[in-house]
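Open your viewer, get ready to select residues by chain and number, and follow along stop by stop.

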Amino acid sequence: MVQYAQARLDHAFAALSDATRRGVLERLGRSDASITDLAEKFHMTLTGMKKHVGVLEQAGLVTTEKTGRVRTCTLGPRRLEQETAWLERYRQLWDARFDELDKVVNELKRKEKTDGRNDKE
Amino acid sequence: MKNRTTVERKSERELVVTRTINGPVRLVFEAWTKPELFRQWWVPKSLGMSLLSCEMDVRVGGRYRLEFAHGDSQLAFFGTYREVTPHSRLVWTNEESDEGPVTTVTFAEKGGKTLLVMHELYPSKEALDAAGTGAADAMAETFEQLDELLVTLAASSGRRET
């Protein structure tokens, strides 16, 4: 699990390799901001800013919370108990893994269908 | 349709992960036990690692070994299969450290879908805590480095802006 956490460090540094994203972190270091605020400040479309925030969120550098129509961004990981935080990261790992497993199983199902028409193994 | 993945700390020494997979149990079991299929899903892209090799001798007493590349370093995960019950149950050890858990995966089919329950039993409360803390420590380190970076950024942007 420690090794997986190290992989997350790579994520964090990849997220930091972009100047806009560094700017967003610096901005959030002063106060929380909505995605709309950030998009305006950095002269970007909402979609573009959402992507950047998504990368920062995946790296665990930013947390977002939606209240009504406004999504507010905060610096740092979710303010949960530390254990809950690492369980959540562990959950994300398994969630990503199982999404891939779903794809593999779907592919097997598809193959079985096409093969089934020709011959039966 | 995407199914939900849950993780729960069942006791001081146990973690349980559950997920429903959209396929019959025989295919899901195949994906867990054939190396050529297993390697297609065990290392999601978001993990930032690549799988160098994957050897699995899936029978009671058989061994497995997974080797990963992570940046410049290499990591190996290995252990022994303790139980192999086709389409229903797999148990293996994680021997890369003394504190590694015993992993049990059960497969149950319902309406053409498969419910997976992965149970990890750690040798002690401390081992499970350490596994979690190790992950938390690595994140704390990221944040320390980030703090330093933010100080630098704030200093340089202070010069540009008023």
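This tour visits chain B, then chain A, and then the place where residues of both come together.

**Stop 1: how far to trust the picture**

Keep in mind that you are looking at a predicted model. Its scores are ipTM 0.78 and pTM 0.63. Colour chain B by pLDDT: the mean is 84, and 81% of the residues reach 70 or more. Which elements of chain B have the lowest and the highest mean pLDDT? Helix α3 (residues 125-160) has the lowest, at 62, while β6(B) has the highest, at 98. Where pLDDT is low, the predicted coordinates should not be read in detail.

**Stop 2: chain B as a whole**

Switch to a cartoon view of chain B. You should find 3 helices and 8 strands. Walking along the sequence, the pattern reads β-β-α-α-β-β-β-β-β-β-α. Of the 162 residues in chain B, 23% are buried.

**Stop 3: the sheet of chain B**

Now select the strands of chain B. There are 8 in an open sheet, ordered β1-β2-β8-β7-β6-β5-β4-β3, and their pairing is antiparallel. Why is one side of β1 (6-11) and of β3 (50-56) left without a neighbour in the sheet? Both strands of chain B stand at the edges with a single partner strand each, so one side of each has no neighbouring strand there. On average, neighbouring strands of this sheet are turned by 20° against each other, ignoring direction.

Zoom in on β2 (residues 14-21) and β8 (residues 113-121) of chain B, an antiparallel pair joined over 8 bridges. To see one of these bridges, select B:Thr18 and its partner B:Val117 in β8(B). Next, add helix α1 (residues 25-33) of chain B, which packs on the sheet and touches β2, β6 (89-93), β7 (102-110) and β8 of chain B. The direction of helix α1(B) makes about 155° with that of β7(B).

**Stop 4: two hairpins in chain B**

Move to β4 (residues 63-70) and β5 (residues 73-85) of chain B, which pair in the antiparallel sense over 8 bridges. Here B:Arg63 has B:Thr80 in β5(B) as its bridge partner. This hairpin has 2 residues between its strands, and B:Gly71 takes a positive phi near 65°.

Follow β5(B) onwards to β6(B), its antiparallel partner over 4 bridges. Select B:Glu83 and you will find B:Val91 of β6(B) opposite. How many residues lie between the strands of this hairpin? There are 3, and B:His87 in the turn has a positive phi of about 65°.

**Stop 5: the sheet of chain A**

Turn to chain A and select β1, β2 and β3. These 3 strands form an open sheet in the order β1-β3-β2, with antiparallel pairing. In chain A, β1 (33-34) and β2 (62-67) each have a single partner strand and stand at the edges, so one side of each lacks a neighbour in the sheet. β1(A) is joined to β3 (residues 70-75) of chain A by 2 bridges. Select A:Ser34 to find its bridge partner A:Thr72 in β3(A).

Two helices of chain A are worth adding to this view. Helix α2 (residues 19-30) packs on the sheet, touching β1, β2 and β3 of chain A, and its direction makes about 90° with that of β3(A). Helix α4 (residues 46-58) packs on the sheet too, touching β2 and β3 of chain A, at about 120° to the direction of β2(A).

Pause at A:Ser31, in the loop between α2 and β1 of chain A. Is A:Ser31 buried or exposed? It counts as exposed because it has 9 C-beta neighbours inside 10 Å, and 12 or fewer is the cut-off for that label. Although A:Ser31 and A:Leu75 are 44 residues apart along the chain, their C-alpha atoms are separated by 8.5 Å.

**Stop 6: the nonpolar cores**

Finally, show both chains together. The largest nonpolar core has 32 residues, and A:Leu101, A:Val105, B:Ile21, B:Val28 and B:Ala31 have the most contacts inside it. Two or more residues each come from α5 (82-118) of chain A and from β2, α1, β4, β6 and α3 of chain B. The top contributor is α5(A), with 8 residues. Select B:Ile21 and look at what it touches, including A:Phe98, A:Leu101, B:Val28 and B:Leu116.

For your last selection, pick A:Leu28, A:Leu38, A:Met49 and A:Leu56, which are among the 16 residues of a second, separate core.

Conventions. Residues numbered from 1 in each chain as written. Chains lettered and ligands numbered in written order. Predicted model: local features only at pLDDT ≥ 70, side-chain atom pairs only at ≥ 80, totals over all residues. Pairing = 2+ DSSP bridges. Axes fitted to C-alpha atoms, helices over the stretch in contact; angles between N-to-C directions. Contact = placed C-beta atoms within 7 Å. pLDDT = per-residue confidence, 0-100. Core = buried A, V, L, I, M, F, W, Y, C linked by C-beta atoms within 7 Å. Buried ≥ 20, exposed ≤ 12 C-beta atoms within 10 Å, placed from the backbone. Lists of a residue's contacts leave out its neighbours within four places in sequence.
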